[in-house]
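Here are a few exercises to work through with the model open beside you. Try each task on your own before reading its solution.

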Number of protein chains: 4
Amino acid sequence: MANSRYEYVRKFESDDTLLPGCWLVVRLDGKAFSKFSQDHAFSKPVDLRGINLMNSCAEAVMREFGDIVLSYGHSDEFSFVFAKDAQVFKRRAQKICTTISSLFAAHYVFQWYKYFPDMEMRYPPSFDARAVLYPADNILRDYLSWRQVDCHINNLYNTAFWTLVHRGGCTPDEASKELDGTLSDYKNELLFTRFNINYNDLPAVFRKGSILVKKVVEETIERTPGVFVQKRKRGFVVLYEDLIRDPFWADHPEILGE
Amino acid sequence: MANSRYEYVRKFESDDTLLPGCWLVVRLDGKAFSKFSQDHAFSKPVDLRGINLMNSCAEAVMREFGDIVLSYGHSDEFSFVFAKDAQVFKRRAQKICTTISSLFAAHYVFQWYKYFPDMEMRYPPSFDARAVLYPADNILRDYLSWRQVDCHINNLYNTAFWTLVHRGGCTPDEASKELDGTLSDYKNELLFTRFNINYNDLPAVFRKGSILVKKVVEETIERTPGVFVQKRKRGFVVLYEDLIRDPFWADHPEILGE
Amino acid sequence: MANSRYEYVRKFESDDTLLPGCWLVVRLDGKAFSKFSQDHAFSKPVDLRGINLMNSCAEAVMREFGDIVLSYGHSDEFSFVFAKDAQVFKRRAQKICTTISSLFAAHYVFQWYKYFPDMEMRYPPSFDARAVLYPADNILRDYLSWRQVDCHINNLYNTAFWTLVHRGGCTPDEASKELDGTLSDYKNELLFTRFNINYNDLPAVFRKGSILVKKVVEETIERTPGVFVQKRKRGFVVLYEDLIRDPFWADHPEILGE
Amino acid sequence: MANSRYEYVRKFESDDTLLPGCWLVVRLDGKAFSKFSQDHAFSKPVDLRGINLMNSCAEAVMREFGDIVLSYGHSDEFSFVFAKDAQVFKRRAQKICTTISSLFAAHYVFQWYKYFPDMEMRYPPSFDARAVLYPADNILRDYLSWRQVDCHINNLYNTAFWTLVHRGGCTPDEASKELDGTLSDYKNELLFTRFNINYNDLPAVFRKGSILVKKVVEETIERTPGVFVQKRKRGFVVLYEDLIRDPFWADHPEILGE
Ligand SMILES: Nc1nc2c(ncn2[C@H]2C[C@H](O)[C@@H](COP(=O)(O)OP(=O)(O)OP(=O)(O)O)O2)c(=O)[nH]1
Ligand SMILES: Nc1nc2c(ncn2[C@H]2C[C@H](O)[C@@H](COP(=O)(O)OP(=O)(O)OP(=O)(O)O)O2)c(=O)[nH]1
Ligand SMILES: Nc1nc2c(ncn2[C@H]2C[C@H](O)[C@@H](COP(=O)(O)OP(=O)(O)OP(=O)(O)O)O2)c(=O)[nH]1
Ligand SMILES: Nc1nc2c(ncn2[C@H]2C[C@H](O)[C@@H](COP(=O)(O)OP(=O)(O)OP(=O)(O)O)O2)c(=O)[nH]1
Ligand SMILES: O=P(O)(O)OP(=O)(O)OP(=O)(O)O
Ligand SMILES: O=P(O)(O)OP(=O)(O)OP(=O)(O)O
Ligand SMILES: O=P(O)(O)OP(=O)(O)OP(=O)(O)O
Ligand SMILES: O=P(O)(O)OP(=O)(O)OP(=O)(O)O
Ligand SMILES: [Mg+2]
Ligand SMILES: [Mg+2]
Ligand SMILES: [Mg+2]
Ligand SMILES: [Mg+2]
Ligand SMILES: [Mg+2]
Ligand SMILES: [Mg+2]
Ligand SMILES: [Mg+2]
Ligand SMILES: [Mg+2]
Ligand SMILES: [Mg+2]
Ligand SMILES: [Mg+2]
Ligand SMILES: [Mg+2]
Ligand SMILES: [Mg+2]
């Protein structure tokens, strides 16, 4: 039987090819993670298990999509940066975004118990994803800076908030009244003077978020018993660094390439 | 610290709002399921466990998105039909597609062992998804007919193919040589005369695919011991019917509505 | 010399094919016609010469694009309705809109002196144009109603305004103070009681705008001297009618077709 | 009367905002100019009157749109290059393209008799226009090179063709047989050996097309009788130069800016 009589309906599919020659960023973000993190008793302000799970899902995405040059994540979000000339799925926006969001979500469930061995997953999460184009290197850097500033602002606020609640005896309401509308300096000061916390001494993973890049790494392998050899291999590394200022980019010139 | 210096990068996000007043279909399809089904030893031609898992994921999507009026799936694909006036995510294409594809994939992993208790999931699957608009009822019906014809063509072919291999002693190469370029009649005839299989007697779930709709169903509940009451409740039903011809639509007038 | 080295730049052109199966409306509107009409001393509130020129340009567009089923215009705007299945320029939005806007503008200049024989054109006008899709007949009718209501509102206001200025001795400031925020009834009443003008007796072309349709018209032709024959021919007719209510559509069933 | 009942139809208009941060090129091209040029007896291979008219229309577009940094035209086409950060019409594609195409077409008719004083315009022309984004300077240069190579290829062919017809006694058929599939060298050689024409000595306006840029030009003005002053003023200049190689861009660094 020929399928041709109905095949005309394919004409209603639209072309969403993305402009070539631009950095292509796919940013995904967990749906309703305020609730999901609460329903699964995530530590506050940040749950390191959750972060490590997110990073592991991101690495799986990078293994699948070879032309991702850098990923950056914090909280319930991750941004994947594709090379300017990436031809992934012929740059079809929906195809790229849906494959990534579903692969990420599937890994989130698949790897859950590795990171949360004692916590039953009550229901599976979902993630939205969007493709955004950035035509120039400096704009791409501004994009990543935007996300890292967001990480900083939220983390400082959440740290101050939960410190007030957990250690300062505040109710959540009181804590938010204390903090709302205040500047960073105020929160830093408050953490330091009232709780003797130097915010900058907190783990960088919380303050900076996670940067995943591909790197040639040296590994020492025991080839035969007692015989150790150095092997170079492409792997993924996670960095918890400032990517807003120039040093990061000077240290990793291969990311932006030529 | 103000985030405003970098916030201009949001201007690079584009608007992909879908035209109102049209049926909105999201079709998702498993990535590389030829390999996935093989790596997980799916029965051939069709694995009922796989179908039931797909249907269960689709039902989860329908529970999350209240304005899906019908879903249709077979093989590694599912189509979700949103009401013409659905305002889901303000009709933003990527937001809709990525949330659905990730929710579906997450459920696929989450529910895997319920349907494949004896088969370890070796790696998680992913799904692409696309949004397509159909401006009129008859075109929507043609779309669904297109998918059901596809189900029929593939299932008849696969049934004949694997019967030749499993019961006819053919190698896969011989089977495909035998079948390629032949019409439906030929395959029906072959199944009947050589293997005494009446194709139309095979389970409808294989031949027709799965149609999920919401229905008000009557349930008998034992309210207190010995006291049984009828309760009406909205639930999901799976139908394995012909949706190409008119009777299906006459039987379910609420799907297309006014 | 081969052009191939540079030809890759074509890849940056994007596809803007419009969804099939929908009414396709192209609405154009004069740029800065407040100034243009003033610089060319258009009569107030409406200049019939300007309207007739607009209508003649629209007819030229309809002659060029055979699948326009109806056009509607008033003031400095015109809407062209293409049949649902129109394949004009393969439904490429920019191609359609730019060809129409340029053809319309070129005719506006070309035919200017036919309608404004005594008024030098000081500079040429320009027009924007946009393509909009309407998936159903009733929505298309609502679109056209929207434009005709706009015509009515503006014309009633402008009529009242200029009557107050020209015959009521008001300054423009006084006239707008008198009218702003008032309802239709008030303006009708004002025209009637103070100036003895029954708004509904004003020419329909002002109150209703211009509807252009293709019609088979009978013409009496003198074939040879003294011998008159009836000939049927497709031509364009301009109607100044209410298209909001049903009778118009009952009288012209061929416009919406099946 | 409120217009609100119908105003919902505006929701069907779609957003076609163009990505920021990219060179925005609008290329327009005459519709059916093979016929238009024939119907108006354009000289062959090129009519200088036609070119000058095109250039004058392009200048009018540049006067209207202040952020065009360069325009390039030949034959029946013109490309307008907007600055990367141009905010013209908020970068709405259709609005930009339709306004430009209509303004260009209107000027074409408006200025016709200035350039073709002896030739009646038989009907007005129309132009399509499209917006294309180029994310980097080198790609923009490749775009312009693509158009200038096109100018060169066509002009060399047409020059050889019409020389064969006008001076070589060929019929058009014979001329095209002679030329089809030949390389540039062959045509150069043919012009030189058979007709003593050194192609490179032909006017640059034919060989290179027309580049319009804004320049600060010095003018000598007679302020009061006998008193001459130098005045600097921004004006438009037309250049007939090679823009493929670097010298042009070195000479005009302000075009690409920083
Ligand atoms: N306690 C805790 N909460 C977290 C952690 N990571 C993320 N969250 C929560 C904090 C925020 O409420 C939420 C992320 O913010 P979003 O703006 O993405 O909101 P949400 O996902 O609820 O809504 P959305 O669907 O994205 O609009 O997830 C964590 O490690 N620990
Ligand atoms: N044995 C077996 N195979 C199945 C079953 N359901 C789906 N498959 C396989 C048959 C097809 O090879 C494949 C679905 O066809 P597709 O055209 O979607 O191909 P595939 O997913 O490999 O590639 P894609 O990434 O979608 O382009 O999945 C099943 O129940 N049993
Ligand atoms: N006196 C007079 N004015 C007219 C006539 N037809 C149109 N106009 C004027 C009245 C309005 O000010 C203007 C049309 O309104 P629009 O909203 O299109 O404004 P305009 O074209 O100035 O700006 P735009 O570039 O479209 O945003 O044209 C006419 O026949 N007589
Ligand atoms: N004789 C003569 N012909 C010219 C001149 N400038 C342009 N033309 C003609 C030569 C080409 O046939 C035509 C331009 O080529 P196009 O590829 O744009 O074709 P055309 O406009 O006919 O079709 P289109 O509607 O653009 O697809 O215009 C001129 O100065 N003299
Ligand atoms: O999700 P938010 O609240 O951070 O803000 P947004 O991502 O811009 O909103 P949306 O997800 O609706 O695009
Ligand atoms: O995936 P296929 O092979 O059924 O065909 P398609 O879905 O039209 O192709 P694509 O997934 O690339 O859109
Ligand atoms: O032009 P207006 O003021 O009638 O309103 P609009 O057409 O919606 O605005 P725009 O021309 O900018 O799309
Ligand atoms: O118009 P042509 O033939 O030069 O080629 P094109 O411009 O790519 O074709 P279209 O005008 O249809 O986009
Ligand atoms: Mg969001
Ligand atoms: Mg979230
Ligand atoms: Mg978030
Ligand atoms: Mg596919
Ligand atoms: Mg598949
Ligand atoms: Mg499939
Ligand atoms: Mg407007
Ligand atoms: Mg206007
Ligand atoms: Mg107007
Ligand atoms: Mg063309
Ligand atoms: Mg042309
Ligand atoms: Mg051309």
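**Exercise 1: a metal site**

Keep in mind that this is a predicted model. Start with A:Gly30: work out whether this residue is buried or exposed, then find what the residue binds and describe the site.

*Solution.* Step one: A:Gly30 has a relative accessibility of 6%, and the cut-off for buried is under 20%, so A:Gly30 counts as buried. Its neighbour in this exercise, A:Asp29, comes out at 23%, so A:Asp29 is partly exposed.

Step two: look for the ion. A:Gly30 gives its O atom to the magnesium ion (ligand 10), with A:Asp29 (OD) and A:Asp76 (OD) as the other protein donors, lying 2.1 Å from the ion. Written as a sequence pattern, the spacing of these donor residues is D-G-x45-D.

Step three: get the geometry. There are 6 donor atoms around the magnesium ion (ligand 10), and they subtend angles of 81 to 178°, so the arrangement is octahedral. Six donors earn that label if opposite ones are over 155 degrees apart and all others between 65 and 115.

Step four: check for company. The magnesium ion (ligand 9) sits 5.8 Å from the magnesium ion (ligand 10).

**Exercise 2: helix pairs**

Take α3(B) with α4(B), then α6(D) with α7(D), and finally α6(A) with α8(A). For each pair, find the crossing angle, the handedness and the residues that touch.

*Solution.* Chain B goes first. Helix α3 (residues 48-64) and helix α4 (residues 93-110) of chain B cross at roughly 135°, and their axes come within 9 Å. That angle makes α3(B) and α4(B) oblique to each other, and the crossing is right-handed. On the α3(B) side, the residues in contact include B:Leu53, B:Cys57 and B:Val61; among their counterparts in α4(B) are B:Ile100, B:Phe104 and B:Tyr108.

Next, chain D. Helix α6 (residues 137-166) and helix α7 (residues 172-179) of chain D have axes 9 Å apart and pack at about 135°. Again the verdict is oblique, here for α6(D) and α7(D), with a right-handed crossing. Contact residues include D:Tyr157, D:Phe161 and D:Leu164 from α6(D), and D:Pro172, D:Ala175 and D:Leu179 from α7(D).

Last, chain A. Here helix α6 (residues 137-166) and helix α8 (residues 184-195) pack at an angle of about 35°, their axes 10 Å apart. This crossing of α6(A) and α8(A) is left-handed. Among the residues making the contact are A:His152, A:Leu156 and A:Thr163 of α6(A), plus A:Lys187, A:Leu191 and A:Phe195 of α8(A).

**Exercise 3: backbone oddities**

Which residues does a cis peptide bond join in chains B and C, and where do A:Lys90 and C:Arg91 lie?

*Solution.* A little background: most peptide bonds are trans, and residues other than glycine mostly have a negative phi.

Cis bonds first. In chain B, the bond joins B:Lys44 and B:Pro45, with omega about 5°; B:Pro45 belongs to the loop between α2 (33-39) and α3. In chain C, the bond joins C:Lys44 and C:Pro45, again with omega about 5°. C:Pro45 falls in the loop between α1 (33-39) and α2 (48-64) of chain C.

Now the positive phi values. A:Lys90 has phi near 50° and lies in the loop between β3 (77-82) and α4 (93-110) of chain A. With 66% relative accessibility, A:Lys90 is exposed. C:Arg91 has a phi of about 60°, and its place is the loop between β3 (77-82) and α3 (93-110) of chain C. At a relative accessible area of 2%, C:Arg91 is buried.

Technical notes: Residues are numbered from 1 along each chain as its sequence is written. Chains are lettered from A and ligands numbered from 1 in the order in which they are written. This is a predicted model: local features need pLDDT of at least 70, side-chain atom pairs count only at pLDDT 80 or more; totals for chains, interfaces and linings use all residues. Side-chain values use heavy atoms; hydrogens and water are left out. Donors are N, O and S atoms within 2.8 Å of the metal (3.2 Å for Na, K and Ca); water is not among the atoms, so sites may look incomplete. Four donors count as tetrahedral if all angles lie between 85 and 135 degrees; four count as square planar and six as octahedral if opposite donors are over 155 degrees apart and all others between 65 and 115; anything else is irregular. Buried means under 20% relative accessible area, exposed over 50%, partly exposed in between (1.4 Å probe, protein chains only). Axes are lines fitted to C-alpha atoms, for helices over the stretch in contact, and angles run from 0 to 180 degrees between N-to-C directions. Helices (H or I, at least four residues) and strands (E, at least two) are DSSP runs, numbered from the N terminus. Angles under 35 degrees count as roughly parallel, over 145 as roughly antiparallel, 65 to 115 as roughly perpendicular and the rest as oblique. A crossing is left-handed if the near helix is turned anticlockwise from the far one by less than a right angle, and right-handed if clockwise. Contact means heavy atoms within 4.5 Å.
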